[in-house]
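This report looks at a model with the sequence and coordinates alongside. Strands, helices, domains and contacts are taken up in turn.

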Amino acid sequence: MARPGPALVRAALGVGLILPFAAAAAITLAASFGLLPALGGQAFGLDPWVRLLDQPGLARSVGVTLLAGLLGTALALGLAFGLVFALRGREGRLARLLPPFLATPHAALAIGLAFLIAPSGWIGRALSPWATGWLTPPDWPVPQDGAGLSLALGLAVKELPFLALMMLAALPRLPVVRHLAEGATLGYGAAHAWAGLVAPELYRLVRLPVYATLAFSLSVVDMALILGPTLPPTLPVAAARWLMAPDLALYLPGLAAATLCAGLVALGFLVWWLAERVAAALLRAWLMRGQRAKGSGRVLGFAAAGAGVALALATLSLAALAVWTLAWGWRFPDAWPERLTLQGWQSAGREGIWGLAARTAALGVAASLLSVLCAIAWLEAGTRAGREGPGRIEGAVWLPLLLPQVALMFGLQVIAARAGLAGAAGAVLWGHVLYAFPYALLALAGPWRRLDPRLLQAGATLGAGPWRRLLTLRLPLLRGPLLAAAALALSVSVALYVPTLFLGAGRIATLTTEAVALASGADRRLGATYALLQAALPLLAFALAALLSRKEGA
Amino acid sequence: MKAPLLAALGFAIAAMAQATMALAATWDETLDKARGQTVYFNAWGGDERTNSFLTWADQEMQARYGVHVQQVKLSDTGEAVARVLAEKTAGQTKDGSGDLIWINGANFLSMKEKGLLYGPFVADLPNARYLDLTPGSAAATDFTIPTDGYEAPWRLAKFVLTVDSAREPNPPRSMVALAGWAAAHPGRFTHPTAANFMGATFLKQALVELAPDPRALALPPTDASYAAQTAPLWAWYDALRPNLWRKGTAFPENESALQKMLNDGEVDFAMAFDPAAAAAAVEKGLLPPTVRSYGMAGGSLGNMSFVAIPFDAAHREGAMVLANFLLDPATQAHAQDLRVLGAASVLDPAKLSPAEAAPFAALPSSPALPTAAELGATLPEPHPDWMVRLAADWAKRTAP
């Protein structure tokens, strides 16, 4: 019997949560061809593109964006492989170690990392002058180097935990033990067998997250502002800046640049896809030769060590933020502030940081609950329609993760204004659910579909209807994954900068908008205070989720 | 002949009296409508003292007029401009998201030209009587552009360099001397990117010092005048640039980032458009007590900061009450207090009563601040098109 209900639920969720992205992309695209009534440019034309090509340094912007994005993603992927290999057999521990790193917002991490790695930064101060001989810091281009290497490092540090967690989630679907045993019977060491047999299959399972990471790395704004090159900046930063330029004539090339950002992501995908082909061919050739090389062990060991360094850098970045919130008079080459003070917290308190934190948390909790509810509705609709796998439409859920935010914001702003929501809390909440939903679904879909169907069949045999099965069997059984999905959705919401700013019309302040605004201010202490609190919210959520799911096990 | 003249005069006086009464009546209406409104004030959020000042303004406005002031902290004023434009794109003509914008120069000119501002409104503000609004005066001119009542002044700004006197006790006091200093100390000086207001102001200061005929800068540049007036500037800059921090291949985003670099020891100079900025940073332990701010020997650029109302502002009345409150002599005296903002008053001292002028005389001073002699004369801003062309030209010249 056909059941229209579940199909309707999925259609409604698709219209509410996925279609806006397609529409927003179309509006930006149209505007970049001159269809922008308010500027008097109603005629179809190439004017924005001609003006974009006129911008100095455009080619270099494009080049450095591609380089940093591809390099950052490749690094994150390589380090994630190393980490997962090194801690094989201890996956549970790794799974508990990574969420805090995943939860750290990009802006907070970038602010801490920039202070850490600069020649005048914490590492330089700790080593000067006794080890380096520096009385003034050397004039080295770190961070914000012209080649985008600091940005690539920041991206690798930030994306490593995400990819490693995705791998951990995929690992149970692979016959790892059998692969390693097969390798051993052929005389291969664990590293060789893992690199040759497990890694390729694991990669196939995390391909979509890898492409999402690549899309994000090619279009990031907040991290690139803090760690990326300045002259010229990366293309997404340039696009965002032109869209905010005092000279309204720059708005047109800004729209073209926003559209070009989407093109750049497509180009990055193509390059990555070609690299996949080459890597696959090389791997085949390597396996065919059947050499018992020790190289794979060394490479994986190196990657694991790199991952350790990356996680240490992330930890030290947060520590640097924490020290800065208490610093009074901290200059090069002092390894520690002149004295510690609560002035930063006091002035932040006067500016209302606690109310702001409460508001940010409320927005995050609301966005998290709504997106988890939507994810449950989506999956339950699939279950009731008798669908086992994700189906074709679910791929569309990845759309917001594959399209650059900069390319969407103008369109989303126009949609929100048309709906009479411009600058309202509702518009921001909608935007946050739009971006948190895919992650909630991602975190929940695997455990949902792995749940033993016999449990639910038993429930049905005992006379439980679909609602009863959902509420008294499935959801309680999925308590851990539900909590993890909620924490992840909250961390996504707290980290969102560009959507909050544009959809809130700047009226809806969060810790994130304030932290980024203060990052351009002179007071590193106050900026660190906002950034640290911004990082604390999702960390708290993950800790709470871990605590509550452990209780379940007890 | 005299009788008609007197009659005309009498008529004019009567008309003025009537206008004053009408003003009072409409202002009361404005106050009535404003009560209960929340004014979204779009203002750069990078300065904690400004933010604290606006928090104070919110408390005062609530107590006096029942108007809530919510600062929308921008990292760049262009954000607010872009937002108003997006609203206009969506066909929105009322209930806009911003009510008042802290605005200056090029942003004002482009918003005024695109019809994105409400006004004229300044003449409707009772406290406008304290301003010198004669044509060409600082309070009625924004970067040589007549404000035509579309924006109200609220604070005074002036270009200063800040130096760590422990590292350089005798800093250069002209742009030519600065280039010489940089040649002797490569990598120890830089300026914010010219895409930023402060960086462009630095170039303008050099332009004003180096232009063969500074009077030409009051008019919009033609291709010929631009080439003639900027030739010495670019020759000077080409000599300076290789000696800048990172050899002039990268620049800090704004003056705040530059101030952080001064504290980090990456450079020996910072710059500001606020003579009290460095003194305030010392108070908070964000700069060493040895820093000093000073103006150029031949005078430094200075201007007034303004507030304007977007054409689609949802709370226009509240915005006007706030603009009027900012011009109140008591508010201006509070803002001029070093411990608060240290921003000089925009009011015409000659128009204040002795009682209104008294709080200004009672303000404390600080040795960390530049004296009037150290600050030097105030030079007028060039027409805003100079800044736009300078910034574009700089971007082309520094593009790799």
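In chain B of this predicted model, Val163(B) stands opposite Phe269(B), a residue of strand S8(B). The pairing behind that position joins strand S7 of chain B, residues 160-164, to S8(B) in the antiparallel sense, and it runs over four bridges. Strand S8 of chain B covers residues 269-272 and is buried on both faces, with Phe269(B) and Met271(B) on one side and Ala270(B) and Ala272(B) on the other. As background to this two-sided description, side chains in a regular strand alternate between the two faces of the sheet.

Another pairing in chain B has the parallel sense: S1(B) and S2(B) are joined over seven bridges, and within S2(B) the residue His68(B) is the bridge partner of Thr38(B). S1(B) is mostly covered, since six of its seven residues are buried.

Two helices of chain B deserve a closer description. Helix H8(B) is largely enclosed by the rest of the structure, because ten of its ten residues are buried. The buried residues of H8(B) include charged side chains by name, among them Glu255(B), Lys260(B) and Asp264(B), as well as Leu258(B), Met261(B) and Leu262(B). Gly265(B) follows H8(B) and has a positive phi, near 80°.

Helix H7 of chain B, residues 223-240, has 18 residues and reaches 25 Å from its first C-alpha to its last, which is close to the 26 Å expected at 1.5 Å a residue. H7(B) nevertheless bends by about 45° at Thr230(B), and a proline, Pro232(B), follows within four residues. Thr230(B) is also one of the buried residues of H7(B), together with Gln229(B), Leu233(B), Tyr237(B) and Leu240(B). These buried residues of H7(B) pack against helix H5 (175-184) and helix H6 (197-210) of chain B.

How do the domains of each chain sit relative to one another? The assignment for chain B gives domain 1 as 25-156 + 303-364 and domain 2 as 160-302 + 374-398, while chain A is divided into domain 1 (1-45 + 342-554) and domain 2 (68-338). The table sets out the separation of the domain centres, taken over C-alpha atoms, and the contacting residues for each chain.

| Chain | Distance between domain centres | Domain 1 residues in contact | Domain 2 residues in contact |
|---|---|---|---|
| Chain B | 28 Å | 13 residues | 13 residues |
| Chain A | 24 Å | 42 residues | 41 residues |

On the side of domain 1 of chain B that touches domain 2 of chain B, H4(B) gives the most, with three residues, and by class that side has seven nonpolar, five polar and one charged residues.

In chain A, the elements that each supply at least two residues to the side of domain 1 that touches domain 2 include helix H2 (19-32), helix H20 (405-418), H24 and helix H26 (511-519). The largest share of that side, 13 residues, comes from H27(A), and its composition by class is 28 nonpolar, twelve polar and two charged residues.

Helix H24 of chain A, residues 479-495, contains Ala495(A). Ala495(A) counts as buried because it has 24 C-beta neighbours inside 10 Å, where the cut-off for a buried residue is 20 or more. Leaving aside residues up to four places away in sequence, Ala495(A) touches Pro105(A), His106(A) and Thr512(A). The C-alpha atoms of Ala495(A) and Ala320(A) are separated by 19 Å, with their positions 175 residues apart along the chain.

Pro349(B) gives the opposite case: this residue is exposed, because 11 other C-beta atoms lie within 10 Å, and the cut-off for an exposed residue is 12 or fewer. Pro349(B) lies in the loop between helix H11 (329-336) and helix H12 (354-361) of chain B. From Pro349(B) to Leu244(B) the distance is 42 Å, C-alpha to C-alpha, and the two are 105 residues apart in sequence.

Between the chains, 59 residues of chain B are in contact with 53 residues of chain A. Several elements already described give two or more residues to the chain B side, including strand S1 (38-44), strand S2 (68-74) and helix H8 (255-264) of chain B. The largest share of that side, ten residues, comes from H3(B). By class, the side of chain B that touches chain A has 20 nonpolar, 23 polar and 16 charged residues.

Conventions: Residues numbered from 1 in each chain as written. Chains lettered and ligands numbered in written order. Predicted model: local features only at pLDDT ≥ 70, side-chain atom pairs only at ≥ 80, totals over all residues. Pairing = 2+ DSSP bridges. Contact = placed C-beta atoms within 7 Å. Domains from an automatic or database assignment. Expected span 1.5 Å × (residues − 1). Bend = angle between axes of the 7 residues up to and from the residue.
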